[in-house]
Amino acid sequence: MTEMKEALPGHETQSHEMNCPKCGRFVGAVTKCPYCGSKVEKRMSLIGLRWAAILLATIGLFLLFLMAKHRDVPVVMLGNIQPTMNFGQIRVIGQVETDARPFRTGTGMSFNVSDGTGKIIVFVSKKQMDALTESNLVPKAGDAIDFVGSLNISDEQSSMRLLSVKELHLTRAPAAAVRLADVTTAMKGTAITIAGKVLDVFPPPADSKRPYALKIKDDSGEQTINFWQAEYDQIADKDMLNGAWVRARVEVSTYQNKLQLKLGSGLDLEVLEEPPAAVETKTPAQKAAAAYRQETAPPRDFSRGRSVPATSLSVGAVTVDQAGQTVRVRGRVESVSPPQEGTRQPYAVMLADGEASLRVSYWSNVNEVITVKPTPGALFEMEGVVEVYRDKPQLKVQSGYKVRLVDDTPASAPAVDITQAVAVSSIALADKGQVRVVRGTLGAPRALRGGVVYPLTDETGTIDLVLWESIIPGEVLGALEEGAQIAATGEVGEYEGQLQLKAVPGYSAMVIP
Amino acid sequence: MSPFWIVLLSVSAGTVLSSVLACLPGLHVYNVMGAMVLGILALEETAFAIPSDVFLPAMTGMIVGWAMLNTIPAVLLGTPDESAMFTVLPGQKYLMAGRGFEGTMITAVGGLAGAFFLVCVVAPCAPRYLPVSQQVLKGHMHWVLWIIITFMLMSEWPKGGNRGVAGWAKFYDAWKTLLAGLATFFLAGMLGFILLTRSPVSHEVAFQNIMPAFVGLFAIPWCLLNMISAADVPKQKPAKSLAINGDVILRSVWSGGLGGGIAAYFPIVTGGVGGMLAGHATAQRDERIFIMGQGVSKFIYYVGAFMLLFVPGLNLTRGGGAWMIKALYTPAGKTDYYMILGSIAVASAISYLMMEPLTRVVLRFIDRYNYRHVSTVALAIIIVMVVAVTGWTGLFIALVGTGIGLLPVLFGSRRLNSLGILLLPIACNMSGFGEVITGWLGLT
Amino acid sequence: MKGFSHFMSGVAVASFGPWAIEAARNGNPLFFILGGACGILPDTIDFKFYRFFYKHDVYVEPDPQAPDPQYVADEVARTIALAVDEKRYIRLKLSSVRLGADFWQQYAVTFDNDKLEVAVKFGPVVNTGQVPVEGTENRYPTVARAKIKAKVIQTYDAALKVDIFDGPTIGFNPLPNGDLDLEFLPWHREWSHSLTVGAILGVLVGAVAWLASGWAMAWQCFVTIAACYGVHVVEDQLGHMGSNIFYPITKLRTPGLHWMHSGDGLPNFLTVWISCLLIFWNLYRGQPNMTYHFTFLHLMMVGLVVPGLAFGALRWLLNRGQRVEVAAGDDADDEWNESKAAG
């Protein structure tokens, strides 16, 4: 630029580094002169900045990526969400309140989640919806859920968007097994498990929006299960449905004021190899617990909160000396007294263990969070602070998460009534379908798909005792072994010409000491 | 006090405050509004709770004031160092020609014209026509972003390859700058994926998740380049007239209105992208129209996006300001809409009138103080702000963003490519395969 | 036409395919991306790839420190002599003269067939917006001349102005009568702006699509690519330079219809805007469960006619009694300059 008559606008205040040091021509930001090929030295600050840019943009980004990848998304209670958390990624552990509903446009779906401190609606994109459907993870009311999502907070309604299907963990709410005749419209909105033999499958007429109808029958009656093409396509072994024994998880609904059982996913229909065991009749405590189970998720993990002794105390072990301490107590519920209407009294539960009893109290907000509410006869474990009232210890429960059902089988009801035991040889084909009690010695077990068979021998003969895992508690199965003396209650059945006894659901086998 | 006076005083206060703050380099109005939102939330259930008819017009005034006056530092406090940078921005051309005053005032005229256009043309038509377009475009926003990305990447012009014989050397010389642009875009996109999926910023201040990255991509490089710049500011000659006429204003409104409107309406599209698209669409040659159009575009982008939240029947949230308001308040019908329009009109007038005196103040300031020192102070303020809101993690993110944001300036590509931080991840999410990509990356 | 106009035309053409709308509603943006990309692709091929490999016979590189018009004139004359003597196509590169990040020394080359001369003059310094820098108009008042061996036939008015970024290429093609046919930017639209090339590209991509996704995707890709690529060729035929429409079947560019200059503001804007309206209309037709309904005529009235009339009326009101000159584009180097200025 030295030959120019006058400097161009702004050039009078520019650095000489914009020109080639050898030929003087303008080169700008390049480091090699395009005219004479000489190197154009730049000042150190500029060189440093260029290198810093490259390093930060590459290595810095990589380090940031590693930082993000190994970061645990924090669990946040819905009640603690603040507007400043908008766009934040959080983990929510709670319970699905409503079945996931696909949008009419088919562009996704949504469901509501609550965790005891608040509620939120969660949106799922179409691709995520398809992935969840394929793996039978579409959230349903009552399911326990653990997922990561990003928050969208507005004054009106806050919502979350599911971030990843892989980070969604769903535990299905247990659907109580119900006999077909016992299904009523009073169960509307709940999920139940039914089993029986398929009488027929009626596809809808072509170009019709009507659903498939699967007629199913058990020993109590018949019902029809409805589902649409999408669910039908998901059913495994759909060609073998007719005449097969099936078990299905269905939602009880109504259509035009009539009972309708809807299959939510084809993966919820299971074709059985064997006819299913009969559904047992429940005690009041069991019915109450089962009813709550249909609505709520299984009991939660107790590991949150302050640490307490791993083992729980018996009722009699709680004393006034422990005042102020946090303890965990196990006992049977004798009585439950809710607060009188219009008052601010707490709930009062009497826990008993043999001769000892302990008063447990908690407020209404604690009660709201309790998954399975205490009912008389049920064995419960509760954690709280020991207080002294009129020189007697009582337990004050501060968190509903610390109230856990242990066993809903009434202590007074023996598992097996040995007095009713009959000789094995007295059981005949004519007794098929009836319940008998037997006692004897177990032989070598044979594994079944979903169960185990023990030959049971008494003085008069041997009969196969079939125990299905789905209806016999694990602790019962665990107590049985070859050589054990047991008593068992079972339904007389036949398999390949041989008589057998199918243990009835529940604590229907016990070791005789 | 009657609602009229409350609104009038609130909007005036907000406008004056942001007009002064707009002269500070590197500070974005959304950062200040973010701090205000925190304050409003903190006071919410106390005796000092701020009612909506105070904070709504005040925030409107803030956005208008900033949209109008942030031209001042952008034009007057940034001297292009031709030994370091490949391109000179249009506003900088005016500064280097000693016409910085003229450049800022022309932009301000554009802003005022934009205000007229927004309040008198767009606002009456918006409730009638925007819901229609919303319904038609429902489900199609994703590919709109994709074609914007496609055009952005395909339309960049090689800066080199102008000399020498044909062959691979010439091709590489040309493509060096384009490759820098592509690298910027994809690195920024990667940064966006990280921040939108697994942001290291604490969830408690997640509403400012992206702020450190944007500060790093745009504000910090600007400060750094000023600090090391070897160029000085030429003597400025404040002009007595702007040599513009109605035709120039009309064509600027046409060009800038289109760009700002695209940016305001479509999600994630910012003013820079909208301006690029409109510039290509309207093919204006006159530099005055270009500069003025930028003023129009900027105004319509920031203020128009904010206004969309209040359009009755639309329920559209665009821009950081609207997102912040949405956390505090849900607009309810025409009353709120008219209040906002009135606030925009008043704030536009106040901020325009403040333009000339503030420009002269800043000109005197840069005459007296070295702009490098000013940029150093601005950088310090920015760093303090980032650390205060998002902690050291946020500062690290800002540093990474700085590296990426420096690439286009130092290696000859468009700064627009840095917008890949939002464009790429959000386009992928909208199309439904964002989770596939984050799965590959191990972020989900 | 400007790149963005071509791009939006491509997107608009793509929107006419129902499969594109359906795919978009299902989250697949492929066809719209293909449409826009193919709409702009012919120019991308030329300006961002081919021109760097196009060999020249003569390079004219004026010295920025001492621009010498006589040197330029002599080199041009030498090039012409080469073409005449060797009776072959000769390619001349006129390099730009950069003076700053935003400054370029402009110079003009003019052929005078009556005097058999080429005249070169260095004009003002211009910025990247091609606006002259005040006070630089008369830096180099000298007009240099050199005798040329043959007449140079230009099929359109072309004052060869060299200013920003890359300088133009001129091709001299000897004619049977001894004259030389001047081709501006011979590498541009030499083969890239061809309907057959678009179809071939469509077939290639379609084949890949067929392997990946089956027959339906294959033909949809083919139709989209061929149509959107083709619309660029059609639009360019409205200008002056024209294209080699059926390369490799045809060998030379077919001159354009001269209906517009490629840099004209109004035609470009109308192309973009009408493309947007057509896209909007196609999306509307493909959107189920619309609660709003309108006709095509209604859309055009609201979106184009009424605002256009309002703008025109306002412009007339503002410009009444004034003489407003809008810079007109040069015919031949128009698109060249527009493309560069868009960078």
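Helix 14 of chain B covers residues 333–368 in this predicted model. Its 36 residues should span 52 Å, because each residue is expected to add 1.5 Å. The C-alpha atoms at its ends lie 50 Å apart, which agrees with that expectation. The helix nevertheless bends. The bend, about 35°, falls at B:Met355. A proline, B:Pro357, follows within four residues of B:Met355.

Chain B also meets chain A. The contact involves 54 residues of chain A and 55 residues of chain B. On the chain A side, three elements each supply at least two residues: helix 1 (44–69), strand 1 (89–96) and helix 2 (126–134). Helix 1 of chain A gives the most, with 16 residues. By residue class, the side of chain A that touches chain B comprises 25 nonpolar, 16 polar and 13 charged residues. For the complex, the predictor gives an ipTM of 0.90 and a pTM of 0.76.

Within chain A, strand 9 (residues 191–202) pairs with strand 8, strand 10 and strand 12. Strand 8 (residues 176–177) runs parallel to strand 9 and is joined to it by two bridges. Here A:Ala177 stands opposite A:Thr193. Strand 12 (residues 245–255) runs antiparallel to strand 9, and seven bridges connect the two. One pair of bridge partners is A:Ile192, in strand 9, and A:Val250, in strand 12. Strand 10 (residues 212–217) is likewise antiparallel to strand 9, with five bridges between them. In this pairing, A:Val198 has A:Ile216 of strand 10 as its bridge partner.

Chain C is assigned two domains. Domain 1 is made up of three segments, 3–50, 192–312 and 331–341. Domain 2 takes in residues 55–184. Taken over C-alpha atoms, the centres of domain 1 and domain 2 of chain C are 34 Å apart.

Confidence in chain C varies along the sequence. The mean pLDDT of the chain is 88, and 92% of its residues reach 70 or more. Residues 329–333 of chain C, however, have a pLDDT below 50. This stretch still has 22 contacts in the model beyond near neighbours in sequence. Where pLDDT is low, predicted coordinates should not be read in detail.

Terms used. Residues numbered from 1 in each chain as written. Chains lettered and ligands numbered in written order. Predicted model: local features only at pLDDT ≥ 70, side-chain atom pairs only at ≥ 80, totals over all residues. Contact = placed C-beta atoms within 7 Å. Nonpolar A, V, L, I, M, F, W, Y, C, P; charged D, E, K, R; others polar. Domains from an automatic or database assignment. Expected span 1.5 Å × (residues − 1). Bend = angle between axes of the 7 residues up to and from the residue. pLDDT = per-residue confidence, 0-100. Pairing = 2+ DSSP bridges.
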